[in-house]
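Student: Hi! Could we go through this structure together? I'd like to talk about its sheet and its pockets.

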Amino acid sequence: MTVQIGSHRIGMGEPVYVIAEIGLNHNGDIGLAKQLIDVAASAGAQAVKFQKRTPEIATPEHMKDVPRETPWGTMSYLDYRRRVEFGRVEYAQIAAHAAERGLDWFASPWDVPSVAFLYELDVPAFKVASASVTDLELLEAIAETRKPVIPSTGMSTLDEIDMAVATLGTEKLVILHATSTYPMPPEEANLRVIGELQQRYPAPVGYSGHERGLQISLAAVTLGAVAVERHITLDRTMWGSDHAASLEPLGFEHLVRDIRVIEQAMGDGVKRVFPGEEAPKAKLRRVLA
């Protein structure tokens, strides 16, 4: 089964769909967001992903008044969310810049009004954050758009994922295995779950990583992940909650490069003698069959 997003098909036998997760790593700066789009395009990614919230709705009540130290001074968590949130003007610029660089762009809506906001901007797909897997009202609103959907499955049980899949449907679904620890230690990657998800659902399965380094994401590709999402940043030491679990430009470039090498190396599973083996065979094999 394959799913069409923009001009790309996602599924077994198709090139791995690489998503550069910008999320909130733009820190509310449209110039920084455009720089990160450029990083993704230069590395060879197919898509960039953001997050969209209505802060008054998406911020948990118990968090709204919690003080947050920010580059703009101490403010409530709700005011911080307002400070870093992009509106229609900024997303119009993001859409134009992504298109100019040949990238799909979409976002994770965290509330129902944000679904409508993104739908009006004609995103080619919706992402569902791991934290939203159990928000059935949100999932129903996304399902009603009839757009492709990419849910991450971190912090979720199989029963919770079953309910989300039943709500979203599988016709245009790409499921991402994930572990929502930032940054994620290797012992929590649990990559064998990729096979479990492949067997359990009639949908392509990928991987969303929050680890440091490249090895685990590359291993996911060898296990059959058809899409890979990683956070990107200009500098892991920048202020913000996701930068430490993100890849810097050179690291992301190497990730895409190595994914493409693995795609070539996987082959078709048919054992054969390759042309490059003929000369060593003639020189070294003493007993011919």
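Tutor: Happy to; we'll take the sheet, then the helices on it, then the pockets, and keep in mind that this is a predicted model.

Student: Great. In what order do the strands of the open sheet come?

Tutor: The order is 7-4-3-12-11-10, so to speak of six strands with parallel pairing.

Student: And which strands stand at the edges?

Tutor: Those are strand 7 (104-109) and strand 10 (175-178). Each has a single partner strand, so one side of each has no neighbour in the sheet.

Student: What does the twist average from one strand to the next?

Tutor: It averages 30 degrees.

Student: Let's zoom in on strand 3. How many bridges join it to strand 12?

Tutor: Five bridges link strand 3 (residues 17-23) with strand 12, and the two run parallel. To pick one pair, Val 18 has Val 228 of strand 12 as its bridge partner.

Student: Which helix packs on the sheet there?

Tutor: Helix 10 does, touching both strand 3 and strand 12. The direction of helix 10 makes about 165 degrees with that of strand 3.

Student: And what lies across strand 10 and strand 11?

Tutor: That's helix 8 (residues 193-200), which crosses strand 10 and strand 11 (205-209). Helix 8 runs at about 155 degrees to strand 10.

Student: Changing topic: what volume does the largest pocket have?

Tutor: About 380 Å³. The lining of the largest pocket has 22 residues, and the closest to its centre are Gln 51, Trp 110, Ala 129, Tyr 182 and Asp 242.

Student: Which strands each supply at least two residues of that lining?

Tutor: Strand 4 (47-52) and strand 12 (227-231) do.

Student: How does the lining of the largest pocket split by class?

Tutor: There are six nonpolar, nine polar and seven charged residues.

Student: Now the second largest pocket. What is its volume, and which residues lie nearest its centre?

Tutor: The volume is about 240 Å³. Of the 15 residues lining the second largest pocket, Met 12, Gly 13, Glu 14, Glu 263 and Met 266 lie nearest its centre.

Student: Which helix gives the most to that lining?

Tutor: Helix 10, with three residues. Helix 9 (215-222) and helix 10 (249-266) each supply at least two. So this is the helix we met on the sheet, where helix 10 touches strand 3 and strand 12.

Student: And by class?

Tutor: The lining of the second largest pocket divides into eight nonpolar, five polar and two charged residues.

Definitions and conventions. Residues are numbered from 1 along each chain as its sequence is written. This is a predicted model: local features need pLDDT of at least 70, side-chain atom pairs count only at pLDDT 80 or more; totals for chains, interfaces and linings use all residues. Side-chain values use heavy atoms; hydrogens and water are left out. On a 1 Å grid over the protein atoms alone, a cavity is a set of points where a 1.4 Å probe fits but cannot get out, and a pocket is an open set with protein on both sides within 12 Å along at least five of seven lines; lining residues have an atom within 4 Å of a point. Grid points are joined across faces, edges and corners, and a volume is the space filled by probe spheres set on the points. Helices (H or I, at least four residues) and strands (E, at least two) are DSSP runs, numbered from the N terminus. Ala, Val, Leu, Ile, Met, Phe, Trp, Tyr, Cys and Pro count as nonpolar, Asp, Glu, Lys and Arg as charged, and the others, Gly among them, as polar. Two strands pair if DSSP finds at least two bridges between them. Axes are lines fitted to C-alpha atoms, for helices over the stretch in contact, and angles run from 0 to 180 degrees between N-to-C directions. Contact means heavy atoms within 4.5 Å.
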